[in-house]
Amino acid sequence: MVKDYAEAQDIIDSGRNLSADEMNIAKKKISEASAMIRMKANAQGKDFDKMQEENEDLVIVAKSIVVSCVIRYLNDSKTDPAVTQFSQAAAGYSISGTYAA
């Protein structure tokens with residue numbers, strides 16, 4: 001079983017309280033964001049899980065990125081789901097995209 005790079009409790013610990021519905025959504029989005037990071041690394045011929053074993057800073061960075069992305073999703077999905085652009089970068093990897101309503 002593949003591991004997620006964050007947990008719902010990490011979101012709560014960052015200061016964002018979660019309702020019961022948001023908790024369920026957050027768990028799903030954490031798994032999706034973790035898979036995206038893993039797939040992006042795989043596309044570059046890298047094993048991100050193995051890289052994390054060799055560098056603890058990558059564990060912190062991955063958790064931070066996943067938590068930030070999920071919080072942003074939860075906040076935006078209530079107010080304005082039509083995000084126009086996003087970008088995240090860390091440890092030599094980056095991801096960006098554009099959403100349209």
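## F48 and its surroundings in a predicted model

Apart from residues within four places of it in sequence, F48 makes contact with Y5, I37, A41, L58, A62 and Y93. The model described here is predicted.

**Overall architecture.** The secondary structure of the chain consists of four helices and two strands, and read from the N terminus the elements follow the order α-α-α-α-β-β. The chain has 101 residues, of which 29% are buried. Among contacts with a separation of 6 or more, 58% join residues 24 or more positions apart. The exposed surface of the chain comes to about 6800 Å², with 51% of it supplied by carbon and sulfur atoms.

**Aromatic pairs.** Two aromatic pairs are found in a search of the whole structure. The table gives their geometry.

| Pair | Distance between ring centres | Angle between planes | Arrangement |
|---|---|---|---|
| Y5 and F48 | 5.5 Å | 70° | edge-to-face |
| F48 and Y93 | 6.0 Å | 85° | edge-to-face |

Why is the pair of Y5 and F48 classed as it is? The planes of these two rings stand at 70°, so the pair is edge-to-face; the angle is over 60 degrees, the cut-off for that class. This pair links distant parts of the chain, since Y5 belongs to the segment before helix 1 and F48 to helix 3 (residues 48–54), with their positions 43 residues apart. Both Y5 and F48 are buried.

For F48 and Y93, the planes are at 85°, so this pair too is edge-to-face. Here F48 in helix 3 is linked with Y93 in strand 2 (residues 93–97), 45 residues apart in the chain. Y93 is buried, as is F48. Through these ring pairs, Y5, F48 and Y93 are linked into a cluster.

**The nonpolar core.** F48 also appears among the central members of the largest nonpolar core: of its 20 residues, I11, F48, V66 and V70 touch the most other members. Helix 1 (8–13), helix 2 (20–43) and helix 4 (56–79) each contribute at least two residues to this core. Which helix supplies the largest share of this core? Helix 4 does, with eight residues. As a general background, nonpolar side chains in soluble globular proteins tend to be buried together.

**A charge over a ring.** A further aromatic residue, Y73, has K29 lying over its face, at 4.5 Å from the ring centre.

**Helix 1 and the start of helix 2.** I12 is located in helix 1. Is I12 buried or partly exposed? Its relative accessible area is 27%, so I12 is partly exposed; the buried class requires a value under 20%. Once neighbours within four places in sequence are set aside, the contacts of I12 are with L18 and M23. The C-alpha atoms of I12 and M23 are 9.6 Å apart in space, while the two residues are eleven residues apart in sequence.

E22 is placed in helix 2. With a relative accessible area of 7%, E22 is buried. A polar atom of the E22 side chain lies 3.1 Å from the backbone nitrogen of S19.

Technical notes
Residues are numbered from 1 along each chain as its sequence is written. This is a predicted model: local features need pLDDT of at least 70, side-chain atom pairs count only at pLDDT 80 or more; totals for chains, interfaces and linings use all residues. Side-chain values use heavy atoms; hydrogens and water are left out. A nonpolar core is a set of buried Ala, Val, Leu, Ile, Met, Phe, Trp, Tyr and Cys residues joined through side-chain atoms within 4.5 Å. Buried means under 20% relative accessible area, exposed over 50%, partly exposed in between (1.4 Å probe, protein chains only). Contact means heavy atoms within 4.5 Å. Rings of Phe, Tyr and Trp (its six-membered ring) pair if their centres lie within 6.5 Å; planes under 30 degrees apart count as stacked, over 60 as edge-to-face and the rest as tilted. A charge sits over a ring if NZ of Lys or CZ of Arg is within 6 Å of the ring centre and within 35 degrees of the ring normal. Accessible areas come from the Shrake-Rupley method with a 1.4 Å probe; for residues, only the protein chains shown count as cover. A polar contact is a pair of N or O atoms within 3.5 Å; within protein, one must be able to donate a hydrogen and the other to accept it, and residues adjacent in sequence count only if both atoms are side-chain atoms.
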